[in-house]
Structure formats: structure tokens, C-alpha cells
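This report goes through one protein chain, from its overall dimensions to a few local features. The sequence and the structure come first.

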Amino acid sequence: MTEILKRTVLFERHVQLGGRMVPFGGWEMPVQYDGIKAEHLGVRKHGGIFDISHMGEFMIQGPLACSFLNQLLTNNVEKLHPGQGQYTLMCQENGGVIDDLYLYCLEPGNYLMIVNAARSETDWQWLETQWRAFTSKSDALCCENQSDSWGAIAIQGPKVRAWIDTCFLPETGVNGNTLAALAKNHIGRFMFKSNEVWIGVTGYTGEDGFEVIAPSHLVPDIWDTLLLKGQSESLQPAGLGARDTLRTEMCYPLYGQELTMETTPIEAGLGFFVDLEKGPFMGREILSRQKRERPEKRSIAFKMTGRSAPPRPGYQVFSSDDKVIGTVTSGTASPSLNQGIGLAYVWENHTKAGQSITIEIRGNRFPAEIVKKPIYRLSGSA
């Protein structure tokens, strides 16, 4: 039976721009326009614009919103002040990851949760179940799945901040801050042609950039405006292919590959986003034990050290003495480095940077080396 794919409000724009459309998480999305390598390098050098309207948006509001979220998520929600956001994870009691997401505090007691498209339905079912178990006082806590009402666009790249203020104006009363002045992991309310939109600074490429979260009907006009205003700075549309190579270079996890219901944040190397001191939360017991005793497996980054076809998910990883020690979860040819790179889960005693390994690619083994994360370091970074 053929799967019926959903389409974002930008579908026609992608087709007009020559986007090659593919299934992704139940959606029909552009994998590339001019080519993955060109789009990847365009983001690294200038700027790229991505349709992320397939992602889910949940609103959690009320006097009990903070305490509810704090026992549901791994990071400490109490540290968020209005206008701030944080990367966090939602886990089962056994520590397995339901999803990784961004949480923004828009106003006191008003939170916006941005979740992965392929996990949106599962996330909502889980959140709704926890909400009903948490309280019966609807006025103290209200959760709404507003995914059908919102769309989003990401603009990423080193040149973006120089022209972004030609597209949006700060809302009256937001201290007159320009969008270009918005700091990493912050969000603000801005105006687009007399309409309110939310704009955050997070990103999935490692580059500087913004995410515009707006009512769905505004998204096509915002897309057109951004492409037009960014034209002089070589802004170009980018698809899922470039997004994947960019995030792999930065070692950002992808749900379904580095993160699953069978893996934990500690195993994935995301312990920084797990606050064990904040009090009880879902999965805390096993995550605390793993952090204390170290898990049996851990996510590592690697580079191929010779010529080979690109590593791909599912390929086996071998130690220097020819023992199977793990499996590749993400692998690609890095456009920035011109070599094969990837992420893999390996046994805990084989995670040291500098260690030689081999990857089995199409029945043959090729040399690689475990490296520190991120694999690609931005110009000027440590």
C-alpha cells in the first residue's frame, strides 16, 4: 500500500526551484536542489535556507508548566528565563530516548516545544498521557499540539546575520533589540509585515543562523522574502541531503540513528543535557547509574584515513585486532573535509580519540581513526 505523504506549505516553492522530493518521516520533502555538495558548501561559506515546517510544535502553558516539563525532560527547565531556549531530551523510565527537542520559554508559564517530524505523533501521545497523569486541573496546565497551525524556516550560514534585519522588525516593547543582536539559544517576538512571528537562534548545522516560527499562512511569503533579501549574499535553498552532511560534520545526533528508544542520552554522549541535580525526572535512575558507572557502549566520531567509498549506517566497525566493536549510525562523504566521516556506537573500551579502527564497506575493510567531536570545526573555533 502506497504511503500518503504530507506536504508543507512550501511544497510548490520546492517544485518551482527544482527540488528533488523524497519521503521523509511521513512528509514529501526536498533532498536537494542544485546538489548536496554545492548546498553544503553554500551554507558553510554564505547561507542556506531550509524548510523545517514538517517539525512539530507543542504549547505547554499554565502555573504548573515548568514543574511538569521538569519531570518529563532531561535538562533543567527552571534555568530557562523568558526569551531563552535549551536543547533537551524526553526519555522513557528506562532511559531510552523518545525524542530530542528544543524547548523555549516564551513568557512566564508559557513554553514552546519543537519536536522532530517523524516523532511528532509519538511525542504528543506520550506528552498527553503524562499530562493527564500529572494533574486534573486544566486551568493549571494546558498542553496543545499546534503543529498544523505553524510552519518554520531555518536560515543558516556566516553571512545571514548581516542582512536578516532587512526582513523583520522588533516588536514594540522588546527592548528595541534587532534580530541580528539575538544571541545563541534565545528567542524573540518579531514583526513580519505587521504580523507577529517567533524567531530563535539554535540551528542544526553548526553555523550561525535563525529559525523563524510563524503561522502557516505566512510561511510562503516569509520564504520568498528571505530568498530575495539574501540573494546578494548568495543565500540558496538547501535540502535534507545537505542538512545531513552538515549535522554529521558537527556530530549532531539524528533520531532513528544515534537516538532511539533503545539508546540513552548518556550512551549518545549527551550527558551535558542531562541535569541529575534538579530532582526526579523520567529516566533519572538509569541515567544516573550510567553516568556514574559508564555505559557499555558509547557514540564516537571517526574519519576515514584513506581512500574509500563513504561509510554508511549499519556498516560494522572493527578494532585494530579485527574484533567487531560496533556499528556505524551515520556516515557520509564530508564536503568540507573531502573525506569519509561518521558516527558509530562502539564498546566503551574502544572510545579513545586517536585509536585506529576499520570500517567494513561493501565487503572490504578500510582504515579510520576515532576523533574528538565535532569532526569539523568552524573557522575561529577552539
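## Overall build

The chain has seven helices and 20 strands. Its radius of gyration is 21 Å, close to the 21 Å that the globule rule gives for 382 residues, so the chain is as compact as a globular protein of that length. The model is predicted. Along the principal axes, the C-alpha atoms fill a box of roughly 65 × 50 × 50 Å.

Of the 382 residues, 56% are buried. The chain exposes about 17100 Å², and carbon and sulfur atoms supply 50% of that area. Among contacts between residues at least 6 apart in sequence, 64% join residues at least 24 apart.

## The barrel

Six strands form a closed barrel in the order β15-β18-β17-β16-β19-β20, with antiparallel pairing. Neighbouring strands of this sheet are turned by 45 degrees against each other on average, direction ignored. Strand β15 (residues 297-304) pairs with strand β20 (residues 364-371) in the antiparallel sense, over four bridges. Phe302 has Ile370 in β20 as its bridge partner.

## Helix α6

Two of the barrel strands, β17 (324-334) and β18 (339-347), have helix α6 (residues 240-250) lying across them. The helix runs at about 125 degrees to β17. Because 10 of its 11 residues are buried, α6 is largely enclosed by the rest of the structure. Charged as well as apolar residues are on the buried list, including Arg243, Arg247, Glu249, Leu240, Leu246 and Met250. The buried residues of α6 pack against β17 and β18, and also against β1 (20-24), β2 (27-32), α2 (36-45) and β3 (48-51). After the helix comes Cys251, with a positive phi near 65 degrees.

## Aromatic pairs

A search of the whole structure finds eight aromatic pairs. Two of them are set out below.

| Pair | Centre to centre | Angle between planes | Arrangement |
|---|---|---|---|
| Tyr102 and Tyr104 | 6.1 Å | 25 degrees | stacked |
| Phe272 and Phe273 | 5.2 Å | 85 degrees | edge-to-face |

The Tyr102 and Tyr104 pair counts as stacked because its planes, at 25 degrees, are under 30 degrees apart. Both tyrosines, Tyr102 and Tyr104, are buried. Phe272 counts as exposed, at 73% relative accessibility, whereas Phe273 is partly exposed, with a relative accessible area of 23%. Ring pairs link these four residues and Tyr87 into a cluster: Tyr87, Tyr102, Tyr104, Phe272 and Phe273.

How values were computed:
Residues numbered from 1 in each chain as written. Predicted model: local features only at pLDDT ≥ 70, side-chain atom pairs only at ≥ 80, totals over all residues. Heavy atoms only, no water. Pairing = 2+ DSSP bridges. Axes fitted to C-alpha atoms, helices over the stretch in contact; angles between N-to-C directions. Contact = heavy atoms within 4.5 Å. Buried < 20%, exposed > 50% of the residue type's maximum accessible area, 1.4 Å probe, protein only. Rg over C-alpha atoms; globule rule 2.2 N^0.38 Å. Areas by Shrake-Rupley, 256 points an atom, 1.4 Å probe, with all protein chains shown as cover. Phe/Tyr/Trp six-rings, centres within 6.5 Å; stacked < 30°, edge-to-face > 60°.
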